Amino acid sequence: MTLDQREIRNGFGRFATGVTVVTCENDAGEPHGATVNAFTAVSLEPALCQVTLTRRSKACGYLDGAPFAVNVLAAEQQDIAWHFAGKPQEPGPLWAQGPTAPVLLGNAATISCRPWRTYDGGDHLIVLGEVVDLQLTDAEPLLFFAGRFRSLRALDSGHHWAASVDCPESSWFGMPAAGAYQRVPA
C-alpha cells in the first residue's frame, strides 16, 4: 500500500509543534538559518537535542560537523519564520554571535549546540547537537498546527495539575531515583 505524500503531511500536521530557526555559518562564515519545526529534546545526560532538515536545504550542507543554534521563536516572530522559510521579510532579522554559532534576537529560547551525530532520515537528515548553552525568556512560543502558525491559549479545564499523578510539583521530581522503587505485596 502506497500512501499519498499530501495525506502523510496532513497526518503529521495534526501534531502541534513549536517553530524554530536553526542557525549556523555558511561556507563564507556568514550567518545562515532555516525554519524547522522538526525539533525535539533527546537526552538530559548528556544534554542532546535533535533537528531534522530536508537534504535539499542549504543549511543541511552547512551543518555537516558544524556547531549550530536552535532559535525557538516567540509568538511575535512569525515574520522571522517566513524569512527563513524562503519568503524574505524586510527588515531582515537581527543577529548576534552566540556561544557556538550565530543566533537570532528576540527568541523564546536559544539553544546553542556542538555537533554530536548525524543520521540518515530518508529525504531528511537527523542532526543531534550537544547543548552547551541555553538562554530562556518569558516570551510565549510560536506554534505550527495544520499548516498554520498559532499561539498558545490556556485551556481552563477547571482542574489543576495536582489532580493528576503526573503533576510536576508533586511527583515528577519528588519520586525516588529509577530502580529505587519498592515492590508492594499484592
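The following exchange examines a predicted model of a single chain.

Colleague: How many helices and how many strands does the chain have, and what share of its 186 residues is buried?

Modeller: The secondary structure of the chain consists of four helices and twelve strands. Buried residues, those under 20% relative accessible area, make up a share of the 186 residues that comes to 31%.

Colleague: Which element of the chain has the lowest confidence, and which has the highest?

Modeller: The chain averages a pLDDT of 86, and 83% of the residues score at least 70. Over residues 176–184 the pLDDT is below 50, and this stretch has two contacts in the model beyond near neighbours in sequence. Where pLDDT is low, the predicted coordinates should not be read in detail. Among the elements, the lowest mean, 56, belongs to helix H4 (residues 168–172), and the highest, 98, to strand S8 (residues 102–104).

Colleague: Which residue stands opposite Val21 in S3, and which in S6?

Modeller: Strand S2 pairs with S3 in the antiparallel sense over six bridges, and S2 also pairs with S6 in the antiparallel sense, over four bridges. Val21 can thus be located against both partners. In S3 the residue opposite Val21 is Thr35, and in S6 it is Asn71.

Colleague: How many of the residues of S2 are buried?

Modeller: Strand S2 (20–25) is among the elements that give two or more residues to the largest nonpolar core. The strand is mostly covered, and the number of its six residues that are buried is five.

Colleague: Which residue takes a positive phi in the hairpin of S2 and S3, and which in the hairpin of S9 and S10?

Modeller: The hairpin of S2 and S3 has five residues between the strands, and its positive phi is near 80°. The hairpin of S9 and S10 has two residues between the strands, with a positive phi near 70°. The residue in the former is Gly29, and in the latter Gly122.

Colleague: What is the bridge partner of Cys49 in S10, and which residue in S10 stands opposite Tyr119?

Modeller: Strand S10 (residues 124–136) pairs in the antiparallel sense with S5 (residues 47–54) over seven bridges. S10 also pairs in the antiparallel sense with S9 (residues 109–121), over twelve bridges. The partner of Cys49 is Gly129, and the residue opposite Tyr119 is Ile126.

Colleague: Which residues have the most contacts inside the largest nonpolar core?

Modeller: This core has 21 residues, and the elements that give two or more of them include S3, S5, helix H2 (58–62) and S10. A second, separate core of nine residues includes Ile80, Phe84, Leu142 and Phe149. Leaving aside neighbours within four places in sequence, Val51 is in contact with residues including Val22, Val36, Phe68, Val70 and Ile126. The residues with the most contacts inside the largest core are Val51, Leu53, Phe68 and Val70.

Colleague: Which element gives the most to the lining of the largest pocket?

Modeller: The largest pocket has a volume of about 1800 Å³. Of the 45 residues that line this pocket, the closest to its centre are Arg9, Asn37, Ala38, His124 and Phe144. Elements that give two or more residues to the lining include strand S4 (39–44), strand S11 (142–145) and strand S12 (148–151). The element that gives the most, with six residues, is H1.

Colleague: What share of the contacts with a separation of 6 or more comes from residues 24 or more positions apart?

Modeller: A contact here requires heavy atoms within 4.5 Å. Of the contacts in the chain with a separation of 6 or more, the share from residues 24 or more positions apart is 60%.

Key
Residues are numbered from 1 along each chain as its sequence is written. This is a predicted model: local features need pLDDT of at least 70, side-chain atom pairs count only at pLDDT 80 or more; totals for chains, interfaces and linings use all residues. Side-chain values use heavy atoms; hydrogens and water are left out. Two strands pair if DSSP finds at least two bridges between them. A nonpolar core is a set of buried Ala, Val, Leu, Ile, Met, Phe, Trp, Tyr and Cys residues joined through side-chain atoms within 4.5 Å. Buried means under 20% relative accessible area, exposed over 50%, partly exposed in between (1.4 Å probe, protein chains only). pLDDT is the predictor's confidence in each residue, from 0 to 100. On a 1 Å grid over the protein atoms alone, a cavity is a set of points where a 1.4 Å probe fits but cannot get out, and a pocket is an open set with protein on both sides within 12 Å along at least five of seven lines; lining residues have an atom within 4 Å of a point. Grid points are joined across faces, edges and corners, and a volume is the space filled by probe spheres set on the points.
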